[in-house]
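Biologist: I would like to go through a structure feature by feature. Please give me the general idea each time, and then the case at hand.

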Amino acid sequence: MKVVLFCGGYGMRMRSGAGIYDEAPKPMAMVGPRPLIWHVMRYYAHFGHSEFILCLGYGAHHIKDFFLNYEETTSNDFVLRGGRTELLSTDISDWTITFAQTGIESPIGERLRRVRHHLDGDEMFLANYADVLTDAPLPQMIDRFARRDAGASMMVVPPQSSFHCVELGEDGLVGGITAVSDLPLWENGGYFVLRQEVFDHIPENGDLVADGCAQLAKRGRLVAHQHRGFWKPTDTVKERAALDAAYARGERPWAVWERDTAVVSA
């Protein structure tokens with residue numbers, strides 16, 4: 001199944017004032033020895049989905065250069081014999097990657113519209129942001145959606161905010177304080193499973209969620225996969241640094257390819 005990844009935004013909140021994070025698009029921010037987009041793609045490839053369509057925009061050349069000059073020895077064991085490298089494993093040798101320039105200012109829905117012809121009319125396909133990591137059970141999400149008469153599925157997660165909601169009564173008296181994460185709410189977590197039907201509801205320069213998914217929801221054709229496991233966005237320098245530190249400690253639950261003993265076929 002083809003995987004469309006949105007990786008063309010500016011990522012303004014990721015900028016620190018100096019260095020690569022100010023020049024490169026957000027998906028190229030490093031977590032361990034590889035950028036975010038690699039971790040997302042490695043997740044999909046682990047489950048047998050290794051045909052990628054990258055919706056490029058800002059900083060596209062950084063992403064192109066990374067893959068055109070990909071060095072397998074960075075994340076794979078190898079033997080150096082007689083001055084020649086013999087890989088003991090490989091990351092991307094079986095990947096097919098389409099690099100599509102979808103505009104600098106394009107909203108996500110428009111980016112998706114501009115790569116529709118690369119989907120070859122496939123009834124179902126996957127789509128996601130290129131900067132969100134999870135350990136969600138992808139095969140179950142796909143199978144559940146495939147059995148439903150729906151146009152789209154999105155993963156939803158509990159609110160991630162560390163703030164608290166305050167209940168106000170008369171005269172400014174506080175009636176209660178509740179952590180946002182404890183509220184009976186769900187957030188869009190990405191990891192979309194889509195049918196071609198979604199294109200019927202995304203207008204020119206429209207948005208995938210606000211337009212496409214919202215219209216499908218009104219028609220009762222949007223389903224959600226509730227995930228309470230690991231899910232982390234990477235919108236800020238602080239969030240990226242936290243993931244990088246966790247990687248260094250060996251705490252990387254999103255790296256399902258490191259712990260699963262069998263690859264699930266697409």
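Modeller: Let us start with disulfides. A disulfide is a covalent bond between the sulfur atoms of two cysteines. The model here is a predicted one, and it holds zero disulfides.

Biologist: How far from Cys55 is the nearest cysteine sulfur?

Modeller: That sulfur belongs to Cys7 and is 6.6 Å away, and Cys55 is in no disulfide. The cut-off for a sulfur pair is 2.5 Å.

Biologist: Are Cys55 and Cys165 buried or exposed?

Modeller: Cys55 has 0% relative accessibility, so this residue counts as buried. Cys165 is at 33% and therefore counts as partly exposed.

Biologist: Next, the nonpolar core. How many residues does the largest one have?

Modeller: In soluble globular proteins, nonpolar side chains tend to be buried together. In this model the largest nonpolar core has 72 residues. Val4, Leu5, Tyr43, Tyr44, Leu54 and Leu112 are the members with the most contacts inside it. Helix α2, residues 36-46, supplies the largest share of this core, with eight residues.

Biologist: Which residues is Val4 in contact with, leaving aside neighbours within four places in sequence?

Modeller: The list runs Ile53, Cys55, Leu112, Val115, Leu119, Phe125, Leu126, Ala127 and Asn128. Cys55, discussed above as a cysteine in no disulfide, is thus one of the contacts of Val4.

Biologist: How many aromatic pairs does the structure hold, and how do I read one?

Modeller: There are 14 aromatic pairs. Read each by the distance between ring centres and the angle between planes. Phe6 and Tyr129, for example, have 6.4 Å between centres and 50° between planes, and their pair is tilted.

Biologist: Where in the chain do Phe6 and Tyr129 sit?

Modeller: Phe6 is in strand β1 (residues 2-7) and Tyr129 in strand β8 (residues 124-129). They are 123 residues apart, and the pair links distant parts of the chain. Phe6 counts as buried because its relative accessibility is 7%. Tyr129, with a relative accessible area of 17%, is buried as well.

Biologist: Why is the pair of Tyr43 and Phe47 called edge-to-face?

Modeller: Their planes stand at 75°, with the ring centres 5.3 Å apart, so the pair is edge-to-face; the angle needed is over 60 degrees. Tyr43 and Phe47 are both buried. Ring pairs also join these two with Tyr44 and Tyr191 in a cluster.

Biologist: Which charged residues lie over the face of a ring?

Modeller: Among them are two arginines. Arg195 lies over the face of Phe145, 4.4 Å from the ring centre. Arg252 lies over the face of Tyr247, at 4.0 Å from the ring centre.

Biologist: And where is Arg113 found, and what does its side chain contact?

Modeller: Arg113 belongs to helix α4, residues 108-114. Its side chain makes a polar contact of 2.9 Å with the side chain of Glu110. Not counting residues up to four places away in sequence, Arg113 touches Phe199, Ile202, Pro203, Glu204 and Asn205. A relative accessible area of 31% makes Arg113 partly exposed.

Biologist: One last polar case: what does the side chain of Thr234 reach?

Modeller: Thr234 lies in the loop between β16 (231-233) and α7 (237-248). Its side chain reaches the backbone oxygen of Asp131 at 3.1 Å. Thr234 is at 0% relative accessibility and so counts as buried.

Terms used: Residues are numbered from 1 along each chain as its sequence is written. This is a predicted model: local features need pLDDT of at least 70, side-chain atom pairs count only at pLDDT 80 or more; totals for chains, interfaces and linings use all residues. Side-chain values use heavy atoms; hydrogens and water are left out. Rings of Phe, Tyr and Trp (its six-membered ring) pair if their centres lie within 6.5 Å; planes under 30 degrees apart count as stacked, over 60 as edge-to-face and the rest as tilted. Helices (H or I, at least four residues) and strands (E, at least two) are DSSP runs, numbered from the N terminus. Buried means under 20% relative accessible area, exposed over 50%, partly exposed in between (1.4 Å probe, protein chains only). A charge sits over a ring if NZ of Lys or CZ of Arg is within 6 Å of the ring centre and within 35 degrees of the ring normal. A nonpolar core is a set of buried Ala, Val, Leu, Ile, Met, Phe, Trp, Tyr and Cys residues joined through side-chain atoms within 4.5 Å. Contact means heavy atoms within 4.5 Å. A polar contact is a pair of N or O atoms within 3.5 Å; within protein, one must be able to donate a hydrogen and the other to accept it, and residues adjacent in sequence count only if both atoms are side-chain atoms.
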